[in-house]
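Biologist: Could you walk me through this protein with a few questions and answers? I am new to reading structures, so please take it step by step.

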Amino acid sequence: MMRQSGRRQLIVAAFCWLAALNAASGWTAEPHAAAPGAVRIGDCDCWEQFFDTFPMRAPVLLMVENDPEVIDVDYWLDLFRRTHADAVTLAAGGYMAFYPSKVPHHYRSPYLKPGQDLFGTLAAGCRKLGMKYIFARTDGHAIHKSVAAAKPEWVAVDAAGRQRKHPNDADAYLTCVLGPFSRELMNEVHKEIIRDYDVDFIFCNRWDGMGICYCGRCREQYQKDTGREMPPTPDDPLVRWHREKVAELAAFWNCEIQKIKPGARFIPNSVCGPTAPMPGPELAAMVPFLIADRKARPNGDAIWRNGVYAKEFRAVLGRKPVLAGVNVGVGDNRFRWMDSTREPAELLLWYAEGIANGMVPRFTKHSGVVYNSVWEKPVVELFTWLHANERYLRNVAPIADVAVVYSQQTACNYGKSNVGERVLAHLDGFYQALLESRIPFELIHDELLDEERLKDFRTLVLPNIAALSDRQCEQIRAFVRRGGNIVATHETSLYDESGRRRNDFGLADLFGASAAGQEEGPIQNAYLNIEPGRNGVFHPLVRGLEEHRRIVYGGYRVPIWPTGPLVANPLTYVPPYPSLPMEQLYPRTPRTNLPEAIIRETEGGRVVYFPWDLSRVFRECQQKDHLALLRNAVEWANGRPSPAVVAGKGLVDVTVWRQKQSMTVHLVNLTNPMAMAGNIREIYPIGPLEVQVRLPVGTRAAAVRLLKAGKEIEAVKTPDGLRATVPNVEIHEVLAIDLEPLE
């Protein structure tokens, strides 16, 4: 993995170049006569209009080789009409052209008849339907074997000097994305599509290739740029160099496209999580929106993962839209049965998580032939509902008091080869705890901790954000001085941004504790005593645990010593003791005064620090006691109820949004035996749920309605908002509140 400092030095130049190019040219989305909703963006004042008119239902049709002969174009145009599609992504070219391309060596579908133009026919038909934007999808990670024979210099080479055949298709070879293939063929393909067709964006799949190429040209360029020989196995410098070069390639393609049509843009396929290959903030500066290629939940993962993806993108994009790719077939990181149909319950719940967390929904179909149409009815019904309720789904901003920090530099420079356990499990554990606690929250990138980004939050959660720079530590201190609150765990701030261990926590002054040694673990059979205060009253941190006396500990801890008097010490350490032979199962030291939670009220805000892996062990072991500690820590630190408080049984994801003249509370019912892994096959409705909502200052409710139920409901006025009953939630219900100013 690469270091953050090196990544910034090498990649940021390419992204800044592209951002400067966009600013200089004035990014535009050219209007079309058949698309009155599309807008031209010539200056910053127009961005608001762009956001307000961006597509909200954007299907994806990825044609396959024989589609020119077998596809029913009328069926697809009718389906787009029935789903009220206002934009579309259509396969165009790259590996294979679905139009009569004139670019030399651009392999065309052999089923494309003379005079036939499948891509052009579909694109023109979509314009006639009034769609705002057309996305032309390209993919240049591979070339057909006939092209490889004619242009062997376009083929990627492995470290042994052998051409790289495609791992899934015997008729294809992988391409060298840094060589003439991308600068010649792919560039000409993009320009041809933009020049000859009424399209707005080039969306490129696998634009950064499939691994490092060791061809002579790449070796020579690497030697020239770095003074090093290419190592046979990719190391940090080689990975950094490759990322810099593909970022430059994206900027080049974008520039070439805009020379032909200033309103067009190159949109890369992308991810934004802790382990994403590109720095999130720089990626965000590159584009007016992004496409989240997260078509289904990964095998064995939680159904709420689509909400995570949405929050990760929003953390770096702000209000820039994110289009969610949702595959109607079965396909994850291991299995790809694209001509199948996902269970409707699984599909709709995956959609609900994306919509509730702010992504623009799409449906993706691979191949124009529908072998199993079970997906069609639920998709049409969902997209019809989306169209009918668009004004309540065109969000301006999320409403949340709590933000959970995530860190690419911690994943890269601290997590390294064990990033799953050392970084991602900590984040996932806190995510799940907040979701189960029904606390609306956002994710925030650790490179975006400035005052403007943090101004709407009261509490920052730092789940083992180990690698923080001095500047980032100071930003967190400044947040607390302004009245903000902190909940942190384990080794947060114990390492600098490059992954070097400090002598002490970078936030030791905030924590009120210093590191007293190296991390201990894995620890087995250790415990925590639940301790009352001197007056016999338990601290709110252990609310609900008062009668437990002792609860289980975690797996790793940082020895600490407090740097000031303890206001409360509700959790004390019971050191591990043997669990076998069973006759040895008794504590050698049943009680200590070693604190395992530091609780402080500073002049600015409140601070809770756990020196152990609380959120990681909760994600792994699902202990209710650990959930209580995580929930209590956030609620005590935050000091006031959430913007929406939901009471009633069930696992519910709660998100709150503000629109221009309304606010919404999304309730996604995750109550299901398959919620944490597997495939949702049946829905288990829940309800009633009592929802108490804090309204924006200076507003009152003009009307309250349930969007899925399709009816207005009564609400009771409260001192700062209202209270309403949602009688039933099957998959997804939205409490929509029309707002008007107070007189």
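**Salt bridges, a sheet and two methionines**

Modeller: Happy to! Keep in mind that this is a predicted model. A good place to begin is Arg-606, which makes a salt bridge with Glu-601, with 3.6 Å between the closest N and O atoms.

Biologist: Is Glu-601 in that pair buried or exposed?

Modeller: Let's take the two partners in turn. Arg-606 has a relative accessible area of 24%, so Arg-606 is partly exposed. For Glu-601 the value is 56%, and the cut-off for exposed is over 50%. Glu-601 is therefore exposed.

Biologist: How many salt bridges does the structure hold?

Modeller: The pair Arg-606 and Glu-601 is one example of a salt bridge. Some residues are linked in a network of salt bridges, namely Arg-57, Asp-86, Glu-390 and Arg-394. For the structure, the number of salt bridges is 50.

Biologist: Lys-660 and Asp-52 form a salt bridge too. How many residues apart in sequence are the parts that this pair ties together?

Modeller: The side chains of Lys-660 and Asp-52 meet at 2.7 Å, N to O. Lys-660 sits in the loop between strands S27 (652-658) and S28 (662-669), while Asp-52 belongs to helix H2 (residues 47-53), so the pair ties together parts whose separation in sequence is 608 residues.

Biologist: And what is the relative accessibility of Asp-738, which forms a salt bridge with Arg-391?

Modeller: In this pair, the closest N and O atoms are 3.3 Å apart. Asp-738 is in strand S34 (residues 732-741) and Arg-391 in helix H14 (residues 390-393), so the salt bridge ties together parts 347 residues apart in sequence. Buried means under 20% relative accessible area. Asp-738 counts as buried because its relative accessibility is 10%.

Biologist: Let's move to the sheet. Which are the edge strands of the open sheet of six strands?

Modeller: Reading across the sheet, the strand order is S16-S15-S17-S18-S25-S24, and the pairing is mixed. An edge strand pairs on one side only, and that holds for strand S16 (441-445) and strand S24 (598-601). The edge strands are S16 and S24.

Biologist: Which residue in S25 stands opposite Val-487?

Modeller: Start with the strands: S18 (residues 485-489) and S25 (residues 606-610) run parallel and are joined by four bridges. Opposite Val-487 you find, in S25, Val-608.

Biologist: What angle does the direction of helix H11 make with that of S16?

Modeller: Helix H11 (residues 305-317) packs on the sheet, where H11 touches strand S15 (402-406) as well as S16. The direction of H11 and that of S16 make an angle of about 50°.

Biologist: Which residues form a nonpolar patch on the surface with Met-582?

Modeller: Met-582 is in the loop between strand S23 (571-574) and S24. Met-582 is exposed, because its relative accessible area is 52%. The patch has about 320 Å² of accessible area together, and the partners of Met-582 in it are Leu-580 and Leu-585.

Biologist: One last puzzle: how far apart in space are Met-210 and Leu-174, C-alpha to C-alpha?

Modeller: Met-210 lies in the loop between strand S6 (201-205) and helix H8 (216-226), and with a relative accessible area of 31% Met-210 is partly exposed. Leaving aside residues up to four places away in sequence, Met-210 touches His-141, Arg-164 and Leu-174. Met-210 and Leu-174 are 36 residues apart in sequence, and their C-alpha to C-alpha distance is 7.4 Å.

Definitions and conventions
Residues numbered from 1 in each chain as written. Predicted model: local features only at pLDDT ≥ 70, side-chain atom pairs only at ≥ 80, totals over all residues. Heavy atoms only, no water. Pairing = 2+ DSSP bridges. Helix = DSSP H or I, 4+ residues; strand = E, 2+ residues; numbered from the N terminus. Contact = heavy atoms within 4.5 Å. Axes fitted to C-alpha atoms, helices over the stretch in contact; angles between N-to-C directions. Patch = residues over 30% accessible without salt bridge, like charges linked within 9 Å, V, L, I, M, F, W, Y side chains within 5 Å. Areas by Shrake-Rupley, 256 points an atom, 1.4 Å probe, with all protein chains shown as cover. Salt bridge = Lys/Arg side-chain N within 4 Å of Asp/Glu carboxyl O. Buried < 20%, exposed > 50% of the residue type's maximum accessible area, 1.4 Å probe, protein only.
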